[in-house]
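The following exercises are to be worked with the sequence and the structure at hand. Each task is followed by a solution in steps.

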Amino acid sequence: MTEAFRLRGLVKRFGAVPAVDGVSVDVARGEVVALLGPNGAGKSSTIDLLLGLSTPDQGEVRVFGGTPRAALDSGRMAAMVQNGFLLRDLTPAELVRLHRSMFRTPLPVGEIYARAGIGEFAGRRCGRLSGGQLQRVRHAIALAGDPELLVLDEPTAALDVDARRTFWASMREFTAGGRTVLFATHYLAEAEDYADRVVLMRQGHVVADGPVAQVRANVTGRVLRALVPGAVEKDLAALDGVASARCQGERAELACTDSDLTIRALLRAFPRASAIEITAAGLEEAFLALTAQQPAPPESSEQPEHPQPREVLR
Ligand SMILES: Nc1ncnc2c1ncn2[C@@H]1O[C@H](COP(=O)(O)OP(=O)(O)OP(=O)(O)O)[C@@H](O)[C@H]1O
């Protein structure tokens with residue numbers, strides 16, 4: 001394997017909080033990797049370490065065999081980070097020109113405009129652009145040095161559905177030539193559709209790492225859906241073989257680690273349960289099962305113990 005980057009035993013603490021707690025991930029050139037996890041899992045902190053924006057308390061980061069700084073300075077690695085700062089008085093055209101001038105072999109201007117979709121508003125000051133347009137400008141700047149590795153922290157968070165689709169089409173072209181992408185996202189569908197591999201984080205740890213299909217398969221679980229009169233989530237979640245439970249009225253959906261155990265327990269506790277249906281787990285259920293099995297983080301008094309699906313998926 002030709003390595004793009006390597007994270008080894010990374011630890012990053014903020015006071016008593018270990019935001020990143022022993023993360024080791026090796027990514028080969030040409031891989032497209034999704035970094036997933038509930039709020040506060042440590043995704044952005046890991047990305048900051050990869051980019052050299054913060055230094056680890058323990059562990060090592062190597063990018064193309066060197067330091068993050070060297071990879072950024074040479075243009076081999078580039079990033080789009082959440083709310084990355086843009087000079088309000090400059091236009092996208094000026095910013096692109098400025099960033100291209102920093103690199104020896106920049107991407108041609110026309111290609112940057114086309115890939116990032118900034119042509120329409122390239123002459124307007126950044127202070128007058130919308131959140132989605134600014135995100136495209138960040139994309140354009142990230143492409144300026146024609147990087148081999150792109151690191152994206154929630155790249156589509158501010159984009160509407162069309163812009164999101166365009167963004168990923170552009171990213172597919174970018175990776176078709178064997179370039180590497182690491183992206184953090186809350187959209188499981190994005191991970192499923194665009195990543196070769198998923199790294200799932202929880203409480204600063206990697207709890208699953210592999211191809212999407214494998215992460216799904218590792219959760220031997222299935223999803224049990226049923227009509228359960230009188231049931232509440234807490235009671236359903238406590239049934240044998242259940243990783244997490246959701247209820248909407250009588251409609252219950254249980255992510256199971258062992259659906260055989262669950263079905264017996266369900267009928268014992270709720271003999272009136274009906275319309276029972278069991279299906280294989282998708283990535284969403286794998287995500288919920290893998291992130292719900294852990295104990296809640298110590299600082300979680302302000303957060304729900306188990307991530308709620310809509311919060312996870314936004
Ligand atoms: N600069 C900081 N100072 C103090 N605590 C921090 C800082 N940055 C992150 N943390 C804490 O570290 C933990 C991990 O945060 P991080 O932003 O890396 O998570 P995340 O997975 O990116 O979350 P989200 O999906 O909400 O963006 C959280 O508990 C967060 O509050």
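**Exercise 1. Overall content**

How many helices and strands are there in the protein chain?

*Solution.* The model is a predicted one. Counting along the protein chain gives twelve helices and 13 strands. The next step is burial: of the 314 residues in the protein chain, 42% are buried. The last step concerns contacts between residues at least 6 apart in sequence, of which 69% join residues at least 24 apart.

**Exercise 2. The six-stranded sheet**

Determine the strand order of the open sheet that contains S3, and identify its edges.

*Solution.* Step one is the order: six strands form this open sheet, arranged S5-S6-S7-S3-S8-S9, and their pairing is mixed. Step two is the edges: strand S5 (77–80) and strand S9 (205–211) each pair on one side only. Step three is the twist, which averages 15 degrees from one strand to the next.

Step four adds the helices. H1 packs on the sheet and touches S3, S5, S6, S7 and S8, and its direction makes about 150 degrees with that of S6. Helix H5 (residues 131–143) lies across S5 and S6, and runs at about 175 degrees to S5.

**Exercise 3. Strand S3 and its partners**

Are the residues of strand S3 buried or exposed, and which strands are joined to S3?

*Solution.* Begin with the general pattern: side chains in a regular strand alternate between the two faces of the sheet. In S3, Val32, Ala34 and Leu36 point one way, while Val33 and Leu35 point the other way. Next, apply the burial criterion, under which a residue is buried if 20 or more other C-beta atoms lie within 10 Å of its own. By this criterion five of the five residues in S3 (residues 32–36) are buried.

Now turn to the partners. S3 runs parallel to strand S7 (residues 180–184), to which four bridges join it. Within this pair, Val32 stands opposite Val181, and Ala34 stands opposite Phe183. Strand S8 (residues 197–202) is also joined to S3 by four bridges, and these two strands run parallel. Here Leu36 has Leu200 as its bridge partner.

**Exercise 4. Strand S7**

Which residues lie on each face of S7, and which residue of S7 is the bridge partner of Asp153?

*Solution.* First, sort the residues by side: Thr180, Leu182 and Ala184 lie on one, and Val181 and Phe183 on the other. Both faces are covered, and five of the five residues of S7 are buried. Second, consider the pairing with strand S6 (residues 149–153), which is parallel and extends over five bridges. Asp153 has Ala184 as its bridge partner in S7.

**Exercise 5. The four-stranded sheet**

Why is one side of S11 and of S13 left without a neighbour in the sheet?

*Solution.* Start from the order, S11-S12-S10-S13, in an open sheet of four strands with antiparallel pairing. Strand S11 (242–248) and strand S13 (274–280) stand at the edges with a single partner strand each, so one side of each has no neighbour in the sheet. The twist averages 15 degrees from one strand to the next.

Then examine one pair in detail. S11 and strand S12 (residues 251–256) run antiparallel and are joined by six bridges. Gln248 stands opposite Arg251 in S12. Finally, place the helix: H10 (residues 259–269) lies across strand S10 (222–227), S11, S12 and S13, running at about 20 degrees to S10.

**Exercise 6. Helix H6**

What span does helix H6 reach from its first C-alpha to its last?

*Solution.* H6 (residues 161–176) has 16 residues, and at 1.5 Å a residue a span of 22 Å is expected. The helix reaches 23 Å, close to that value. Just after H6, Gly178 takes a positive phi of about 90 degrees.

**Exercise 7. The ligand shell**

How many residues surround the ligand, and which elements each supply at least two of them?

*Solution.* Twelve residues surround the ligand, the closest being Phe14, Ala19, Lys43, Ser44 and Ser45. Strand S2 (17–28) and helix H1 (43–51) each supply at least two residues of this shell. The largest share, three residues, comes from H1. Sorted by class, the shell has four nonpolar, six polar and two charged residues.

Methods. Residues numbered from 1 in each chain as written. Predicted model: local features only at pLDDT ≥ 70, side-chain atom pairs only at ≥ 80, totals over all residues. Buried ≥ 20, exposed ≤ 12 C-beta atoms within 10 Å, placed from the backbone. Pairing = 2+ DSSP bridges. Expected span 1.5 Å × (residues − 1). Axes fitted to C-alpha atoms, helices over the stretch in contact; angles between N-to-C directions. Contact = placed C-beta atoms within 7 Å. Near = placed C-beta within 6 Å. Nonpolar A, V, L, I, M, F, W, Y, C, P; charged D, E, K, R; others polar.
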